[in-house]
Amino acid sequence: MTLGACALPLGYARYVEPFLLTVTRHNLNSSGEGVDGEVVRFVQLSDLHLGKLSHHKERIARRVVDLKPDFVVMTGDAVNSPEAMQVFDRYLAMFSGIPLY
């Protein structure tokens with residue numbers, strides 16, 4: 001494999017993919033008791049790895065707020081270090097009014 005052929009996927013993985021924002025919608029149906037057809041909308045954010053509040057992370061927060069979910073579930077690694085917890089607190093404040101889990 002030539003150097004150029006190796007550089008292309010590495011460049012994509014470093015400079016493109018981390019900044020993609022994808023919204024995927026799923027319709028889940030249940031036949032259990034108590035189901036009245038109510039629609040519940042939630043957002044799952046995973047592996048934010050916050051170290052600082054970048055433009056991309058702020059764009060994610062704005063997009064989530066625009067989706068008007070009933071709640072947000074955060075999974076995976078939220079911060080890169082204990083020192084980043086203050087950044088995480090500021091990030092959570094961007095979701096004002098939306099329950100976070």
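User: In this structure, which residue of β2 does Q44 stand opposite?

Analyst: The model is a predicted one, and Q44 belongs to strand β1, which covers residues 42–46. This strand pairs with strand β2, residues 71–75, in the parallel sense over five bridges. Further along, S46 stands opposite T75 in β2, while the residue of β2 that stands opposite Q44 is V73.

User: What is the order of the elements of the chain from the N terminus on?

Analyst: The chain holds three helices and two strands. Helix α1 takes in residues 3–15, strand β1 residues 42–46, helix α2 residues 55–67, strand β2 residues 71–75, and α3 residues 85–93. Read from the N terminus on, the elements therefore run in the order α-β-α-β-α.

User: Is the crossover from β1 to β2 right-handed or left-handed?

Analyst: The two strands that it joins, β1 and β2, pair in the parallel sense. Between them the chain passes through helix α2, residues 55–67, which makes a β-α-β crossover, and the hand of this crossover is right-handed.

User: Which residues of β2 point to one face and are buried?

Analyst: Buried here means under 20% relative accessible area, and along β2 the side chains alternate between two faces. F71, V73 and T75 point to the face where the residues are not buried. In β1 there is likewise a covered face, with V43 and L45, and an uncovered one, with F42, Q44 and S46. The buried residues of β2, pointing to the other face from F71, V73 and T75, are V72 and M74.

User: Which element gives the most residues to the largest nonpolar core?

Analyst: In soluble globular proteins, nonpolar side chains tend to be buried together. Here the largest nonpolar core has 15 residues, and those with the most contacts inside it are L45, V64, V72, M74, Y91 and F95. At least two residues of this core come from each of β1, α2, β2 and α3. The element that gives the most, with four residues, is α2.

User: Is Y15 buried or exposed?

Analyst: Y15 has its place in helix α1, and together with V16 and L20 this residue makes a nonpolar surface patch of about 310 Å². A residue counts as exposed when its relative accessible area is over 50%. The relative accessibility of Y15 is 59%, so Y15 counts as exposed.

User: Which residue in the loop between α2 and β2 has a positive phi although it is a residue other than glycine?

Analyst: One residue with a positive phi that is not glycine is H49, with a value near 50°, but H49 has its place in the loop between β1 and α2. H49 is partly exposed, with a relative accessible area of 35%. In the loop between α2 and β2, by contrast, lies a residue that counts as exposed at 64% relative accessibility. Its phi is near 55°, and the residue is K68.

User: What separates the C-alpha atoms of P82 and G51, in Å?

Analyst: P82 is found in the loop between β2 and α3, and P82 is exposed, with a relative accessible area of 69%. Along the chain, P82 and G51 are 31 residues apart. In the predicted model, the separation of their C-alpha atoms is 9.6 Å.

Technical notes: Residues numbered from 1 in each chain as written. Predicted model: local features only at pLDDT ≥ 70, side-chain atom pairs only at ≥ 80, totals over all residues. Heavy atoms only, no water. Buried < 20%, exposed > 50% of the residue type's maximum accessible area, 1.4 Å probe, protein only. Pairing = 2+ DSSP bridges. Right-handed = clockwise from strand over helix to strand, strands pointing away. Patch = residues over 30% accessible without salt bridge, like charges linked within 9 Å, V, L, I, M, F, W, Y side chains within 5 Å. Areas by Shrake-Rupley, 256 points an atom, 1.4 Å probe, with all protein chains shown as cover. Salt bridge = Lys/Arg side-chain N within 4 Å of Asp/Glu carboxyl O. Core = buried A, V, L, I, M, F, W, Y, C linked by side-chain atoms within 4.5 Å.
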